[in-house]
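Hi,

Here is the structure I said I would pass on. My notes follow below it.

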Amino acid sequence: MPNLFWPRKWTRAIAPARSPQLRQSLGAIGLVASLLVGGCGGGASTNSANRPSASGPADKTLKLLYWQAPTILNPHLATGHKDFDGARLAYEPLASYDKTGKLVLFLAAEEPTLANGGVAKDGRSVTWKLKSGVKWADGKLFTAEDVVFTYEFLSDPKTGAATLTDYALVKSVRAIDPQTVRIEFTAPTASWSQPFTGYNGMILPKHIFQDYVGARAKEAPANLKPIGTGPYQVESFKPGDSIVYKPNPSYRDRASLAFEQVEIKGGGDATSAARAVLQTGDADYAYNPQVEAPILRQLESGGKGKLLAVTGAQSERIHFNFTDPNRATADGERSSVQFPHPFFTDKTVRQAFALAVDRATIAQQLYGPTGNPTANLIIAPQQFASPNNQVEFNLQKAAQLLDQAGWKDTNGNQIRDKNGVEMRVLFVTSVNPLRQKTQEIVKQAWESIGIGVELKSVDAGAFFSGDPANADTINRFQADLQLYTTGNTSPDPSAHLKWWTCAEIASKANDWNRNNYTRYCNLAYDQAWIKADQELDPIKRQAAMIALNDQLIQDVALIPLIARAKVGAVSDRLQGVDLTPWDSDTWNIATWKRP
(Lines give C-alpha, C1' and ligand atoms only; values in the text may rest on other atoms or scores of the structure.)
Protein backbone atom coordinates (compact mmCIF):
# COMPACT_ATOMS: atom_id res chain seq x y z
CA MET A 1 0.00 0.00 0.00
CA PRO A 2 1.52 3.32 -1.01
CA ASN A 3 2.26 5.89 1.68
CA LEU A 4 -0.30 8.25 0.12
CA PHE A 5 -2.99 6.34 1.93
CA TRP A 6 -2.47 4.42 5.17
CA PRO A 7 -0.33 1.88 7.02
CA ARG A 8 -1.13 -1.80 6.79
CA LYS A 9 -0.93 -3.01 10.37
CA TRP A 10 -4.21 -1.98 11.96
CA THR A 11 -5.41 -5.07 13.82
CA ARG A 12 -4.06 -7.99 15.74
CA ALA A 13 -5.59 -11.26 16.75
CA ILE A 14 -6.46 -11.74 20.38
CA ALA A 15 -6.92 -14.93 22.35
CA PRO A 16 -9.63 -14.95 25.03
CA ALA A 17 -7.99 -14.92 28.46
CA ARG A 18 -8.76 -17.57 31.04
CA SER A 19 -9.52 -15.41 34.03
CA PRO A 20 -11.24 -16.37 37.30
CA GLN A 21 -13.15 -13.09 37.00
CA LEU A 22 -15.23 -14.72 34.31
CA ARG A 23 -16.90 -16.90 36.91
CA GLN A 24 -18.02 -14.06 39.11
CA SER A 25 -20.90 -11.65 38.39
CA LEU A 26 -24.49 -12.36 37.34
CA GLY A 27 -24.76 -15.62 39.24
CA ALA A 28 -22.47 -17.44 36.84
CA ILE A 29 -22.49 -20.69 38.81
CA GLY A 30 -26.26 -20.96 38.73
CA LEU A 31 -26.42 -20.01 35.06
CA VAL A 32 -23.81 -22.55 34.05
CA ALA A 33 -25.47 -25.24 36.14
CA SER A 34 -28.80 -24.61 34.44
CA LEU A 35 -27.09 -24.95 31.06
CA LEU A 36 -25.54 -28.27 31.96
CA VAL A 37 -28.70 -29.72 33.46
CA GLY A 38 -31.47 -28.21 31.37
CA GLY A 39 -29.83 -27.13 28.12
CA CYS A 40 -29.15 -23.70 26.67
CA GLY A 41 -31.74 -21.04 26.10
CA GLY A 42 -34.54 -23.33 27.27
CA GLY A 43 -33.67 -26.08 24.80
CA ALA A 44 -31.59 -29.23 24.56
CA SER A 45 -27.98 -29.20 23.47
CA THR A 46 -29.06 -29.38 19.83
CA ASN A 47 -32.63 -28.09 19.69
CA SER A 48 -34.68 -28.29 16.52
CA ALA A 49 -33.63 -24.82 15.44
CA ASN A 50 -29.92 -25.55 15.66
CA ARG A 51 -29.65 -29.25 14.90
CA PRO A 52 -27.48 -29.67 11.79
CA SER A 53 -28.80 -31.79 8.97
CA ALA A 54 -27.55 -35.33 8.71
CA SER A 55 -27.59 -35.27 4.89
CA GLY A 56 -24.37 -35.60 2.96
CA PRO A 57 -21.16 -37.49 3.86
CA ALA A 58 -20.36 -36.55 7.45
CA ASP A 59 -16.65 -35.99 6.83
CA LYS A 60 -17.35 -33.88 3.73
CA THR A 61 -20.15 -31.72 5.18
CA LEU A 62 -19.32 -28.43 6.86
CA LYS A 63 -21.92 -27.37 9.43
CA LEU A 64 -22.31 -23.70 10.36
CA LEU A 65 -24.75 -22.35 12.96
CA TYR A 66 -26.16 -18.83 12.60
CA TRP A 67 -28.57 -18.00 15.39
CA GLN A 68 -29.41 -14.92 13.30
CA ALA A 69 -30.59 -16.77 10.21
CA PRO A 70 -29.94 -15.31 6.72
CA THR A 71 -33.05 -14.01 4.96
CA ILE A 72 -31.67 -12.75 1.61
CA LEU A 73 -28.56 -13.61 -0.41
CA ASN A 74 -28.17 -10.45 -2.48
CA PRO A 75 -25.43 -8.56 -0.59
CA HIS A 76 -26.48 -5.20 -2.02
CA LEU A 77 -30.00 -5.55 -0.65
CA ALA A 78 -28.94 -7.02 2.69
CA THR A 79 -28.60 -5.10 5.96
CA GLY A 80 -27.38 -7.81 8.35
CA HIS A 81 -23.98 -9.49 8.68
CA LYS A 82 -25.75 -12.84 8.62
CA ASP A 83 -26.94 -12.14 5.07
CA PHE A 84 -23.51 -10.96 3.93
CA ASP A 85 -22.01 -14.15 5.33
CA GLY A 86 -24.55 -16.32 3.52
CA ALA A 87 -23.95 -14.50 0.24
CA ARG A 88 -20.16 -14.54 0.59
CA LEU A 89 -19.88 -18.27 -0.13
CA ALA A 90 -21.22 -17.60 -3.62
CA TYR A 91 -20.13 -14.03 -4.41
CA GLU A 92 -16.70 -12.41 -4.36
CA PRO A 93 -15.39 -8.83 -4.35
CA LEU A 94 -12.40 -7.67 -6.34
CA ALA A 95 -10.35 -7.83 -3.14
CA SER A 96 -10.61 -7.65 0.63
CA TYR A 97 -8.47 -6.90 3.68
CA ASP A 98 -7.22 -9.49 6.15
CA LYS A 99 -6.84 -8.76 9.85
CA THR A 100 -3.35 -7.29 9.35
CA GLY A 101 -4.62 -4.78 6.80
CA LYS A 102 -3.11 -6.60 3.82
CA LEU A 103 -5.12 -6.46 0.59
CA VAL A 104 -6.10 -10.00 -0.47
CA LEU A 105 -7.08 -10.46 -4.12
CA PHE A 106 -10.17 -12.37 -5.21
CA LEU A 107 -11.37 -11.30 -8.67
CA ALA A 108 -8.57 -8.78 -9.13
CA ALA A 109 -5.32 -9.94 -10.70
CA GLU A 110 -3.10 -7.35 -9.00
CA GLU A 111 -3.24 -4.62 -6.37
CA PRO A 112 -3.48 -1.13 -7.83
CA THR A 113 -0.66 1.14 -6.67
CA LEU A 114 0.88 4.44 -7.56
CA ALA A 115 3.94 2.57 -8.86
CA ASN A 116 2.05 0.37 -11.35
CA GLY A 117 -0.27 3.20 -12.41
CA GLY A 118 -3.39 1.59 -10.95
CA VAL A 119 -3.91 4.46 -8.52
CA ALA A 120 -4.00 7.89 -10.15
CA LYS A 121 -1.61 10.43 -8.67
CA ASP A 122 -4.42 12.97 -8.30
CA GLY A 123 -6.58 10.49 -6.35
CA ARG A 124 -9.43 10.76 -8.87
CA SER A 125 -9.40 7.23 -10.28
CA VAL A 126 -8.28 3.65 -9.73
CA THR A 127 -7.80 0.98 -12.38
CA TRP A 128 -8.19 -2.70 -11.52
CA LYS A 129 -6.79 -5.56 -13.58
CA LEU A 130 -9.07 -8.59 -13.37
CA LYS A 131 -8.28 -12.30 -13.38
CA SER A 132 -8.89 -13.96 -16.73
CA GLY A 133 -10.80 -17.20 -17.22
CA VAL A 134 -12.98 -16.74 -14.12
CA LYS A 135 -16.47 -18.15 -14.62
CA TRP A 136 -19.82 -17.72 -12.97
CA ALA A 137 -21.41 -20.86 -11.51
CA ASP A 138 -23.47 -21.32 -14.70
CA GLY A 139 -20.33 -21.36 -16.84
CA LYS A 140 -20.55 -17.81 -18.23
CA LEU A 141 -17.31 -15.79 -18.26
CA PHE A 142 -16.79 -13.06 -15.65
CA THR A 143 -15.64 -9.78 -17.24
CA ALA A 144 -15.26 -6.09 -16.45
CA GLU A 145 -18.82 -5.59 -17.72
CA ASP A 146 -20.06 -7.39 -14.60
CA VAL A 147 -18.26 -4.86 -12.40
CA VAL A 148 -19.76 -1.99 -14.41
CA PHE A 149 -23.21 -3.55 -14.12
CA THR A 150 -22.90 -4.06 -10.37
CA TYR A 151 -22.39 -0.33 -9.98
CA GLU A 152 -25.35 0.39 -12.26
CA PHE A 153 -27.47 -1.95 -10.16
CA LEU A 154 -26.61 -0.56 -6.75
CA SER A 155 -26.49 3.10 -7.81
CA ASP A 156 -30.02 3.15 -9.22
CA PRO A 157 -32.06 4.96 -6.52
CA LYS A 158 -35.03 2.65 -7.12
CA THR A 159 -32.90 -0.40 -6.34
CA GLY A 160 -32.61 0.76 -2.74
CA ALA A 161 -29.15 -0.73 -2.28
CA ALA A 162 -27.95 -0.70 1.33
CA THR A 163 -24.33 -0.62 0.11
CA LEU A 164 -24.65 2.68 -1.75
CA THR A 165 -22.76 4.64 0.93
CA ASP A 166 -19.53 2.88 -0.04
CA TYR A 167 -19.88 4.24 -3.56
CA ALA A 168 -20.75 7.83 -2.61
CA LEU A 169 -17.81 9.40 -4.44
CA VAL A 170 -17.93 7.19 -7.52
CA LYS A 171 -18.47 9.23 -10.69
CA SER A 172 -18.31 6.40 -13.20
CA VAL A 173 -17.24 2.79 -13.66
CA ARG A 174 -15.96 1.88 -17.13
CA ALA A 175 -14.74 -1.31 -18.75
CA ILE A 176 -11.46 -0.50 -20.52
CA ASP A 177 -11.30 -4.06 -21.88
CA PRO A 178 -12.73 -7.41 -20.68
CA GLN A 179 -10.10 -7.67 -17.93
CA THR A 180 -9.70 -4.00 -16.96
CA VAL A 181 -12.10 -1.70 -15.12
CA ARG A 182 -11.58 1.95 -14.20
CA ILE A 183 -13.40 3.71 -11.37
CA GLU A 184 -13.48 7.50 -11.52
CA PHE A 185 -14.34 9.60 -8.49
CA THR A 186 -16.15 12.91 -8.21
CA ALA A 187 -13.29 14.30 -6.14
CA PRO A 188 -9.82 13.22 -4.97
CA THR A 189 -10.22 10.35 -2.54
CA ALA A 190 -7.88 8.32 -0.40
CA SER A 191 -10.48 5.58 0.00
CA TRP A 192 -10.08 4.33 -3.57
CA SER A 193 -10.17 0.73 -2.36
CA GLN A 194 -13.62 1.00 -0.78
CA PRO A 195 -15.78 0.28 -3.85
CA PHE A 196 -15.94 -3.38 -4.84
CA THR A 197 -13.96 -4.68 -1.83
CA GLY A 198 -14.96 -6.45 1.37
CA TYR A 199 -18.51 -6.81 2.68
CA ASN A 200 -20.05 -4.29 0.33
CA GLY A 201 -18.01 -5.04 -2.77
CA MET A 202 -19.40 -8.35 -4.02
CA ILE A 203 -19.83 -8.48 -7.80
CA LEU A 204 -23.16 -9.51 -9.35
CA PRO A 205 -23.51 -11.25 -12.75
CA LYS A 206 -24.93 -8.92 -15.39
CA HIS A 207 -26.62 -11.69 -17.35
CA ILE A 208 -28.57 -12.77 -14.27
CA PHE A 209 -29.61 -9.39 -12.85
CA GLN A 210 -29.85 -7.12 -15.91
CA ASP A 211 -33.66 -7.37 -15.97
CA TYR A 212 -33.91 -6.61 -12.24
CA VAL A 213 -32.41 -3.16 -11.83
CA GLY A 214 -34.32 -0.47 -9.98
CA ALA A 215 -37.90 -1.10 -8.91
CA ARG A 216 -37.70 -4.80 -9.82
CA ALA A 217 -34.53 -5.47 -7.81
CA LYS A 218 -36.31 -7.23 -4.99
CA GLU A 219 -38.08 -9.56 -7.44
CA ALA A 220 -34.90 -11.19 -8.76
CA PRO A 221 -34.95 -14.99 -8.24
CA ALA A 222 -31.18 -14.83 -7.71
CA ASN A 223 -31.75 -12.88 -4.49
CA LEU A 224 -32.50 -16.30 -3.01
CA LYS A 225 -30.39 -18.53 -5.26
CA PRO A 226 -27.24 -16.65 -6.31
CA ILE A 227 -25.08 -17.45 -9.31
CA GLY A 228 -21.61 -16.37 -8.25
CA THR A 229 -17.91 -16.84 -8.87
CA GLY A 230 -17.22 -18.03 -5.32
CA PRO A 231 -16.36 -21.53 -4.13
CA TYR A 232 -19.90 -22.71 -3.38
CA GLN A 233 -23.35 -22.37 -4.93
CA VAL A 234 -26.74 -22.58 -3.25
CA GLU A 235 -28.61 -25.84 -3.68
CA SER A 236 -31.53 -24.90 -1.42
CA PHE A 237 -32.46 -21.91 0.73
CA LYS A 238 -35.22 -21.51 3.29
CA PRO A 239 -35.06 -17.84 4.36
CA GLY A 240 -34.83 -17.52 8.12
CA ASP A 241 -34.05 -21.22 8.47
CA SER A 242 -31.33 -22.94 6.44
CA ILE A 243 -29.09 -22.93 3.38
CA VAL A 244 -27.43 -25.92 1.70
CA TYR A 245 -24.48 -25.30 -0.63
CA LYS A 246 -22.61 -27.52 -3.07
CA PRO A 247 -19.24 -26.79 -4.69
CA ASN A 248 -19.37 -24.39 -7.62
CA PRO A 249 -18.52 -26.62 -10.60
CA SER A 250 -17.04 -23.61 -12.42
CA TYR A 251 -14.89 -22.44 -9.50
CA ARG A 252 -11.33 -21.77 -10.65
CA ASP A 253 -9.83 -23.91 -7.88
CA ARG A 254 -12.56 -26.52 -7.50
CA ALA A 255 -10.10 -29.35 -6.72
CA SER A 256 -8.88 -27.60 -3.57
CA LEU A 257 -12.29 -27.40 -1.86
CA ALA A 258 -12.43 -29.67 1.18
CA PHE A 259 -16.21 -30.01 1.46
CA GLU A 260 -18.84 -31.50 -0.81
CA GLN A 261 -21.60 -29.78 1.14
CA VAL A 262 -21.89 -26.74 3.37
CA GLU A 263 -24.91 -26.21 5.60
CA ILE A 264 -25.90 -23.00 7.34
CA LYS A 265 -28.54 -23.64 9.96
CA GLY A 266 -30.31 -20.66 11.51
CA GLY A 267 -32.57 -19.99 14.45
CA GLY A 268 -32.25 -20.84 18.12
CA ASP A 269 -30.00 -18.64 20.20
CA ALA A 270 -26.34 -17.71 20.56
CA THR A 271 -25.78 -19.90 23.63
CA SER A 272 -27.07 -23.11 22.09
CA ALA A 273 -25.11 -22.41 18.89
CA ALA A 274 -21.89 -21.94 20.86
CA ARG A 275 -22.61 -25.06 22.88
CA ALA A 276 -23.11 -27.16 19.73
CA VAL A 277 -19.54 -26.31 18.68
CA LEU A 278 -17.65 -25.96 21.95
CA GLN A 279 -19.27 -28.57 24.15
CA THR A 280 -21.18 -31.21 22.15
CA GLY A 281 -19.24 -31.10 18.88
CA ASP A 282 -22.42 -31.21 16.80
CA ALA A 283 -21.36 -28.33 14.53
CA ASP A 284 -18.15 -26.97 13.04
CA TYR A 285 -18.63 -23.22 13.40
CA ALA A 286 -20.94 -20.85 15.27
CA TYR A 287 -21.34 -17.25 14.16
CA ASN A 288 -21.15 -14.39 16.67
CA PRO A 289 -21.52 -16.27 19.99
CA GLN A 290 -22.78 -13.19 21.83
CA VAL A 291 -23.04 -14.92 25.20
CA GLU A 292 -22.20 -13.75 28.74
CA ALA A 293 -18.50 -14.23 29.38
CA PRO A 294 -18.83 -16.73 32.29
CA ILE A 295 -21.06 -19.01 30.22
CA LEU A 296 -18.91 -18.74 27.14
CA ARG A 297 -15.80 -19.69 29.07
CA GLN A 298 -17.57 -22.64 30.67
CA LEU A 299 -18.72 -23.86 27.26
CA GLU A 300 -15.19 -23.57 25.89
CA SER A 301 -13.99 -25.85 28.65
CA GLY A 302 -16.03 -28.62 27.01
CA GLY A 303 -12.96 -29.44 24.93
CA LYS A 304 -14.65 -29.74 21.52
CA GLY A 305 -13.63 -26.36 20.15
CA LYS A 306 -12.23 -22.93 20.85
CA LEU A 307 -13.08 -19.28 20.54
CA LEU A 308 -11.38 -17.39 17.74
CA ALA A 309 -11.31 -13.62 18.17
CA VAL A 310 -9.87 -10.65 16.35
CA THR A 311 -9.90 -7.02 17.36
CA GLY A 312 -12.33 -5.22 15.14
CA ALA A 313 -14.26 -2.10 14.30
CA GLN A 314 -17.64 -3.27 15.56
CA SER A 315 -19.16 -1.73 18.66
CA GLU A 316 -22.36 -2.27 20.59
CA ARG A 317 -24.11 1.07 20.79
CA ILE A 318 -27.38 2.74 21.72
CA HIS A 319 -28.95 4.89 19.03
CA PHE A 320 -31.26 7.80 19.74
CA ASN A 321 -34.26 8.35 17.49
CA PHE A 322 -34.15 12.02 16.55
CA THR A 323 -37.73 11.78 15.25
CA ASP A 324 -40.97 11.03 17.06
CA PRO A 325 -41.85 7.33 16.67
CA ASN A 326 -45.35 7.96 18.04
CA ARG A 327 -46.51 10.38 15.38
CA ALA A 328 -47.33 9.55 11.77
CA THR A 329 -47.50 11.52 8.55
CA ALA A 330 -50.62 11.63 6.39
CA ASP A 331 -49.44 8.52 4.53
CA GLY A 332 -48.70 6.63 7.76
CA GLU A 333 -44.93 7.06 8.05
CA ARG A 334 -43.71 6.99 11.66
CA SER A 335 -40.29 8.24 12.74
CA SER A 336 -40.53 10.89 10.06
CA VAL A 337 -38.32 13.98 9.90
CA GLN A 338 -41.56 15.97 9.84
CA PHE A 339 -41.89 15.33 13.57
CA PRO A 340 -38.77 15.87 15.76
CA HIS A 341 -38.46 13.79 18.89
CA PRO A 342 -40.10 15.48 21.91
CA PHE A 343 -36.89 15.48 23.96
CA PHE A 344 -33.97 13.82 22.13
CA THR A 345 -33.50 16.90 19.99
CA ASP A 346 -32.15 18.52 23.18
CA LYS A 347 -28.43 17.80 23.53
CA THR A 348 -28.59 18.26 27.31
CA VAL A 349 -31.13 15.44 27.54
CA ARG A 350 -28.96 13.18 25.38
CA GLN A 351 -25.97 13.96 27.60
CA ALA A 352 -27.99 12.93 30.65
CA PHE A 353 -29.01 9.62 29.07
CA ALA A 354 -25.38 8.89 28.14
CA LEU A 355 -24.06 9.72 31.61
CA ALA A 356 -26.56 7.29 33.10
CA VAL A 357 -25.20 4.26 31.21
CA ASP A 358 -22.78 2.08 33.19
CA ARG A 359 -20.55 0.80 30.40
CA ALA A 360 -17.91 -0.60 32.75
CA THR A 361 -20.41 -2.90 34.48
CA ILE A 362 -21.82 -4.06 31.14
CA ALA A 363 -18.33 -4.89 29.88
CA GLN A 364 -17.15 -6.61 33.05
CA GLN A 365 -20.25 -8.65 33.78
CA LEU A 366 -21.36 -9.55 30.28
CA TYR A 367 -18.46 -9.34 27.80
CA GLY A 368 -15.29 -10.18 29.71
CA PRO A 369 -12.36 -10.53 27.29
CA THR A 370 -14.59 -10.14 24.22
CA GLY A 371 -15.36 -6.47 24.79
CA ASN A 372 -14.23 -3.25 26.46
CA PRO A 373 -16.07 -0.02 27.33
CA THR A 374 -15.73 2.63 24.65
CA ALA A 375 -16.67 6.27 24.23
CA ASN A 376 -15.93 6.32 20.49
CA LEU A 377 -17.83 5.52 17.34
CA ILE A 378 -14.68 4.64 15.36
CA ILE A 379 -12.54 2.16 17.28
CA ALA A 380 -10.42 0.64 14.49
CA PRO A 381 -8.02 0.85 12.76
CA GLN A 382 -6.12 2.12 15.75
CA GLN A 383 -4.84 5.28 14.09
CA PHE A 384 -8.44 6.50 13.69
CA ALA A 385 -9.46 5.81 17.31
CA SER A 386 -9.82 9.16 19.07
CA PRO A 387 -7.91 9.75 22.34
CA ASN A 388 -10.19 12.68 23.18
CA ASN A 389 -13.27 10.98 24.65
CA GLN A 390 -13.67 9.24 27.99
CA VAL A 391 -16.24 6.82 29.38
CA GLU A 392 -18.15 8.45 32.24
CA PHE A 393 -20.93 7.12 34.48
CA ASN A 394 -22.44 9.72 36.80
CA LEU A 395 -26.08 9.45 37.85
CA GLN A 396 -25.99 12.59 39.96
CA LYS A 397 -24.70 14.68 37.07
CA ALA A 398 -27.25 13.10 34.73
CA ALA A 399 -30.10 14.02 37.05
CA GLN A 400 -28.82 17.58 37.34
CA LEU A 401 -28.73 17.93 33.56
CA LEU A 402 -32.34 16.78 33.27
CA ASP A 403 -33.31 19.29 35.93
CA GLN A 404 -31.42 21.95 34.01
CA ALA A 405 -33.32 21.05 30.83
CA GLY A 406 -36.61 21.51 32.66
CA TRP A 407 -37.54 17.85 32.98
CA LYS A 408 -38.78 17.33 36.54
CA ASP A 409 -41.36 15.16 38.26
CA THR A 410 -44.20 17.64 38.74
CA ASN A 411 -47.01 15.13 39.33
CA GLY A 412 -45.32 12.84 41.86
CA ASN A 413 -45.40 9.63 39.78
CA GLN A 414 -41.57 9.21 39.76
CA ILE A 415 -41.43 10.06 36.03
CA ARG A 416 -40.02 13.35 34.84
CA ASP A 417 -42.25 15.55 32.70
CA LYS A 418 -42.27 18.88 30.93
CA ASN A 419 -45.13 20.84 29.37
CA GLY A 420 -47.44 17.88 29.83
CA VAL A 421 -45.07 15.37 28.18
CA GLU A 422 -43.69 12.54 30.32
CA MET A 423 -40.15 11.29 29.79
CA ARG A 424 -41.03 7.73 28.83
CA VAL A 425 -39.02 5.76 26.26
CA LEU A 426 -39.38 2.52 24.34
CA PHE A 427 -35.96 0.81 24.20
CA VAL A 428 -35.69 -2.00 21.61
CA THR A 429 -33.07 -4.56 20.59
CA SER A 430 -32.84 -8.09 19.16
CA VAL A 431 -33.68 -11.22 21.13
CA ASN A 432 -30.45 -12.28 22.81
CA PRO A 433 -29.84 -12.95 26.52
CA LEU A 434 -26.76 -10.73 26.61
CA ARG A 435 -28.64 -7.84 25.02
CA GLN A 436 -31.61 -8.30 27.32
CA LYS A 437 -29.26 -8.14 30.31
CA THR A 438 -27.65 -5.02 28.87
CA GLN A 439 -31.11 -3.49 28.57
CA GLU A 440 -31.87 -4.32 32.20
CA ILE A 441 -28.67 -2.69 33.46
CA VAL A 442 -29.40 0.45 31.46
CA LYS A 443 -33.08 0.50 32.43
CA GLN A 444 -32.31 0.31 36.14
CA ALA A 445 -30.00 3.32 35.94
CA TRP A 446 -32.36 5.40 33.81
CA GLU A 447 -35.33 4.67 36.03
CA SER A 448 -33.32 5.70 39.09
CA ILE A 449 -33.19 9.26 37.71
CA GLY A 450 -36.86 9.48 36.79
CA ILE A 451 -37.03 8.11 33.25
CA GLY A 452 -39.81 5.69 32.39
CA VAL A 453 -38.40 2.78 30.38
CA GLU A 454 -40.25 0.09 28.45
CA LEU A 455 -38.12 -2.70 27.00
CA LYS A 456 -38.84 -4.55 23.79
CA SER A 457 -36.97 -7.37 22.07
CA VAL A 458 -37.48 -8.44 18.46
CA ASP A 459 -36.46 -11.71 16.82
CA ALA A 460 -33.02 -11.14 15.31
CA GLY A 461 -34.07 -12.45 11.91
CA ALA A 462 -36.73 -9.74 11.70
CA PHE A 463 -34.80 -6.97 13.49
CA PHE A 464 -31.88 -7.13 11.04
CA SER A 465 -33.84 -8.18 7.95
CA GLY A 466 -34.14 -4.77 6.29
CA ASP A 467 -37.63 -5.76 5.17
CA PRO A 468 -39.42 -2.47 4.39
CA ALA A 469 -42.76 -4.07 5.22
CA ASN A 470 -41.63 -4.94 8.76
CA ALA A 471 -42.06 -2.08 11.25
CA ASP A 472 -39.68 -3.75 13.73
CA THR A 473 -36.48 -3.47 11.68
CA ILE A 474 -33.53 -1.29 12.69
CA ASN A 475 -34.10 0.62 9.44
CA ARG A 476 -37.59 1.81 10.32
CA PHE A 477 -36.69 2.40 14.00
CA GLN A 478 -40.14 2.91 15.47
CA ALA A 479 -38.90 3.20 19.04
CA ASP A 480 -37.11 5.89 21.05
CA LEU A 481 -33.83 4.02 21.39
CA GLN A 482 -32.35 0.87 19.89
CA LEU A 483 -29.35 -1.29 20.73
CA TYR A 484 -27.21 -3.31 18.33
CA THR A 485 -23.67 -3.77 17.00
CA THR A 486 -22.25 -2.26 13.83
CA GLY A 487 -19.16 -0.37 12.66
CA ASN A 488 -16.99 0.48 9.70
CA THR A 489 -16.51 -2.45 7.35
CA SER A 490 -13.45 -0.94 5.67
CA PRO A 491 -10.08 0.08 7.12
CA ASP A 492 -10.95 3.59 5.99
CA PRO A 493 -13.86 4.79 8.21
CA SER A 494 -15.15 7.50 5.87
CA ALA A 495 -18.14 5.53 4.55
CA HIS A 496 -19.30 4.64 8.05
CA LEU A 497 -18.99 8.24 9.19
CA LYS A 498 -21.20 9.19 6.23
CA TRP A 499 -24.07 7.32 7.92
CA TRP A 500 -24.69 10.41 10.04
CA THR A 501 -25.11 12.80 7.13
CA CYS A 502 -28.51 14.24 6.26
CA ALA A 503 -28.54 12.61 2.81
CA GLU A 504 -28.36 9.16 4.41
CA ILE A 505 -31.59 9.47 6.41
CA ALA A 506 -33.77 6.36 6.06
CA SER A 507 -37.36 7.11 5.13
CA LYS A 508 -40.42 5.69 3.46
CA ALA A 509 -39.38 7.47 0.25
CA ASN A 510 -36.24 5.31 -0.02
CA ASP A 511 -37.80 2.13 1.43
CA TRP A 512 -35.87 2.82 4.66
CA ASN A 513 -32.79 1.52 2.85
CA ARG A 514 -30.33 4.22 3.87
CA ASN A 515 -27.98 3.91 6.82
CA ASN A 516 -28.97 6.95 8.89
CA TYR A 517 -31.68 5.13 10.84
CA THR A 518 -31.50 7.65 13.67
CA ARG A 519 -32.44 10.57 11.38
CA TYR A 520 -29.65 12.70 12.86
CA CYS A 521 -29.03 15.79 10.72
CA ASN A 522 -26.33 18.41 11.28
CA LEU A 523 -25.29 20.52 8.29
CA ALA A 524 -21.98 21.47 9.93
CA TYR A 525 -21.16 17.78 10.25
CA ASP A 526 -22.10 17.19 6.60
CA GLN A 527 -19.71 19.89 5.44
CA ALA A 528 -16.93 18.55 7.65
CA TRP A 529 -17.46 15.04 6.25
CA ILE A 530 -17.18 16.24 2.63
CA LYS A 531 -13.91 18.02 3.40
CA ALA A 532 -12.49 15.07 5.35
CA ASP A 533 -13.40 12.53 2.69
CA GLN A 534 -11.46 14.45 0.05
CA GLU A 535 -8.28 14.74 2.13
CA LEU A 536 -5.43 12.76 0.57
CA ASP A 537 -2.60 13.52 2.98
CA PRO A 538 -2.57 10.55 5.41
CA ILE A 539 -1.75 12.60 8.50
CA LYS A 540 -4.36 15.25 7.77
CA ARG A 541 -6.90 12.56 6.86
CA GLN A 542 -6.32 10.78 10.15
CA ALA A 543 -6.92 14.02 12.06
CA ALA A 544 -10.02 14.79 9.99
CA MET A 545 -11.58 11.36 10.66
CA ILE A 546 -10.89 11.66 14.39
CA ALA A 547 -12.47 15.13 14.34
CA LEU A 548 -15.63 13.70 12.73
CA ASN A 549 -15.82 11.01 15.40
CA ASP A 550 -15.36 13.63 18.10
CA GLN A 551 -18.03 15.86 16.61
CA LEU A 552 -20.59 13.05 16.81
CA ILE A 553 -19.55 12.02 20.31
CA GLN A 554 -19.53 15.57 21.67
CA ASP A 555 -22.95 16.19 20.12
CA VAL A 556 -24.09 12.89 21.71
CA ALA A 557 -25.43 11.63 18.39
CA LEU A 558 -25.31 8.12 19.88
CA ILE A 559 -24.07 6.27 22.98
CA PRO A 560 -21.17 3.90 22.19
CA LEU A 561 -21.08 1.07 24.72
CA ILE A 562 -18.69 -1.79 24.03
CA ALA A 563 -15.81 -2.19 21.59
CA ARG A 564 -16.40 -5.79 20.61
CA ALA A 565 -13.94 -8.32 19.35
CA LYS A 566 -15.14 -10.27 16.34
CA VAL A 567 -15.62 -13.76 17.72
CA GLY A 568 -16.45 -17.16 16.27
CA ALA A 569 -16.71 -20.60 17.87
CA VAL A 570 -14.56 -23.05 15.90
CA SER A 571 -14.48 -26.82 16.17
CA ASP A 572 -11.15 -28.43 16.97
CA ARG A 573 -11.60 -30.50 13.82
CA LEU A 574 -11.75 -27.43 11.58
CA GLN A 575 -8.73 -25.58 10.19
CA GLY A 576 -8.26 -22.47 8.08
CA VAL A 577 -10.77 -20.10 9.73
CA ASP A 578 -9.13 -16.67 9.75
CA LEU A 579 -11.45 -13.88 10.86
CA THR A 580 -10.98 -10.33 9.65
CA PRO A 581 -12.79 -7.18 10.74
CA TRP A 582 -13.18 -6.13 7.10
CA ASP A 583 -15.16 -8.97 5.59
CA SER A 584 -17.64 -11.70 6.46
CA ASP A 585 -16.78 -14.68 8.66
CA THR A 586 -16.93 -16.88 5.54
CA TRP A 587 -14.64 -14.71 3.42
CA ASN A 588 -11.91 -17.37 3.10
CA ILE A 589 -14.12 -20.46 3.31
CA ALA A 590 -12.44 -21.86 0.20
CA THR A 591 -9.42 -22.68 2.42
CA TRP A 592 -11.34 -24.22 5.35
CA LYS A 593 -10.62 -27.90 5.84
CA ARG A 594 -10.43 -30.73 8.33
CA PRO A 595 -7.03 -32.12 9.30
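**The sheet and its helices**

Let me start with one bridge: Val-425 has Val-453 in E18 as its bridge partner. Val-425 belongs to strand E17 (residues 424-430), which is parallel to E18 and joined to it by 7 bridges. Strands here are DSSP runs of E with at least two residues, helices are runs of H or I with at least four, and both are numbered from the N terminus. Two strands count as paired if DSSP finds at least two bridges between them.

Before you go on: this is a predicted model, where local features need pLDDT of at least 70, side-chain atom pairs count only at pLDDT 80 or more, and totals for chains, interfaces and linings use all residues. Residues are numbered from 1 along each chain as its sequence is written, and side-chain values use heavy atoms, with hydrogens and water left out.

Zooming out, E17 and E18 sit in an open, mixed sheet of 6 strands, ordered E14-E20-E13-E19-E17-E18. Its edges are E14 (371-373) and E18 (452-458), each paired on one side only.

Two helices touch the sheet (contact: heavy atoms within 4.5 Å). H8 (residues 359-367) packs against E13, E14 and E20, at about 30° to E20. H10 (residues 433-448) lies across E13, E17, E18, E19 and E20, and runs at about 165° to E17. Angles are taken between N-to-C directions, from 0 to 180 degrees, with axes fitted to C-alpha atoms, for helices over the stretch in contact.

Lastly, H7 (residues 347-355) has 7 of its 9 residues buried (under 20% relative accessible area, 1.4 Å probe, protein chains only). Among them are Arg-350 and Phe-353.

Cheers

Technical notes: Buried < 20%, exposed > 50% of the residue type's maximum accessible area, 1.4 Å probe, protein only.
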